[in-house]
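Reader: I am in my first year and still learning to read protein models. Could you take me slowly through the salt bridges of this one?

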Amino acid sequence: MSGILERIKLWGLATTYGLLVLLHIIRQCYRKGVGKVFHWKQWERPAILDDPSFGTHGFLTLKDVRIHYVASGPEDKPLMLFVHGFPEFWYSWRHQIREFQKDYRVVAIDMRGYGESSKPSGIENYTVTKLVSDLQQIIPALGYKSCVLVAHDWGGAVAWAFARFNPTLVDKLIVMNVPPSPVFSKVLPTNKYQQKKSWYMFFFQLPFLPELNFKLDDFSLFDELFVSERNSDISKDAKKAAENIVPYKYVFSQPGALTPPINYYRALFRTTRGTYDLDYQMPVLLIWGCKDTALDIALPDAVEKETTKIEVKRIPDASHFVQVDAPEEVNKLMREWLNKQKK
């Protein structure tokens, strides 16, 4: 009975937020015109994605998907594996790739369903179990026994579970702007701010409308996502905008590119979720941009209260996309923490 009530509540919230989004679309049509709001195109590939300074592009054939990656740095150095979040792809790690490629074999992947990686159909192909399995296969496929794992948002959610159950594959874990699942599950029911910020997770349960919402006004939602107060110069500088936001519009304007990433959220609510504790066997760093509009500042506070095994570092004026919003601070925190682990 409780399961039925939970599903009714889930779809009630999804429908409510869907109606609010529809109301917003109607308002935008009134302000901008229907023709502008319902116009979108397939963006052309920007040259920045083929910049050789990021490394070489390659593919790994796993059990049921093919994973695209960009790799650079000496192959005899330790592996540093980057796993992005939503709605991102390997390019979100551009600042960290250039920073660490001399000291590590740096590899940034497109997770399944993203970018140039395989996009299997069906919500069941985007469970945390499937995503963890991908990481289990990627590390040996790259020729390594373990890695320094660096992850953000959805990539971080997967990394938390992966590192807890596969400690021999992770030497050090760095996660950005996402808490471990047990902490999020504990905070959400009693934190009204997080409940409000989680609205999109419920909205994404609806079919078609979430995908349409991303397409409207020629994918202008990406301008809102990636331009923060800190990086407001991006919106004023056409060249910076082209280099930093157009790549996302290119990737997500490709046919069939939006549904697989949104299916991550659909699978989260419709499949059984595994549980784990916070007894991590490797050093762990959590970096948090405090101006996150999707995840509340109470979450890193809760992580610190739950365990002393996770070191938390905050960047007060950075957004949810902390690695691109505050790259110098993030790189400095990463390097200082990694150097400390060597002593």
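Author: What follows is a close look at the salt bridges, pair by pair.

This is a predicted model, in which local features need pLDDT of at least 70 and side-chain atom pairs count only at pLDDT 80 or more, while totals for chains, interfaces and linings use all residues. Residues are numbered from 1 along each chain as its sequence is written, and side-chain values use heavy atoms, with hydrogens and water left out.

A search of the whole structure finds 23 salt bridges, the term meaning that a side-chain nitrogen of Lys or Arg lies within 4 Å of a carboxyl oxygen of Asp or Glu. In one of them, the side chains of arginine 45 and glutamate 116 meet at 3.4 Å, N to O. Because arginine 45 belongs to the loop between α2 (34–37) and β1 (56–61) and glutamate 116 to the loop between β4 (105–109) and α4 (128–141), this pair ties together parts that are 71 residues apart in sequence. The helices (H or I, at least four residues) and strands (E, at least two) named here are DSSP runs, numbered from the N terminus. Arginine 45 is partly exposed, with a relative accessible area of 31%, and glutamate 116 is partly exposed too, at 35%; buried means under 20% relative accessible area, exposed over 50%, and partly exposed in between, with a 1.4 Å probe and protein chains only.

Another salt bridge joins the side chains of aspartate 64 and lysine 130, at 3.2 Å from N to O. This pair links distant parts of the chain, since aspartate 64 sits in the loop between β1 and β2 and lysine 130 in helix α4, 66 residues apart. Aspartate 64 counts as partly exposed at 35% relative accessibility, and lysine 130 is partly exposed with a relative accessible area of 28%.

A further salt bridge is formed by the side chains of lysine 249 and aspartate 223, with 2.9 Å between N and O. Lysine 249 lies in helix α13 (residues 246–252) and aspartate 223 in helix α10 (residues 221–226), so the pair ties together parts that are 26 residues apart in sequence. Here lysine 249 counts as buried, at 8% relative accessibility, whereas aspartate 223 is partly exposed, with a relative accessible area of 30%. Returning to aspartate 64 and lysine 130, salt bridges that share partners join Asp64, Arg112, Lys130 and Asp134 into one network.
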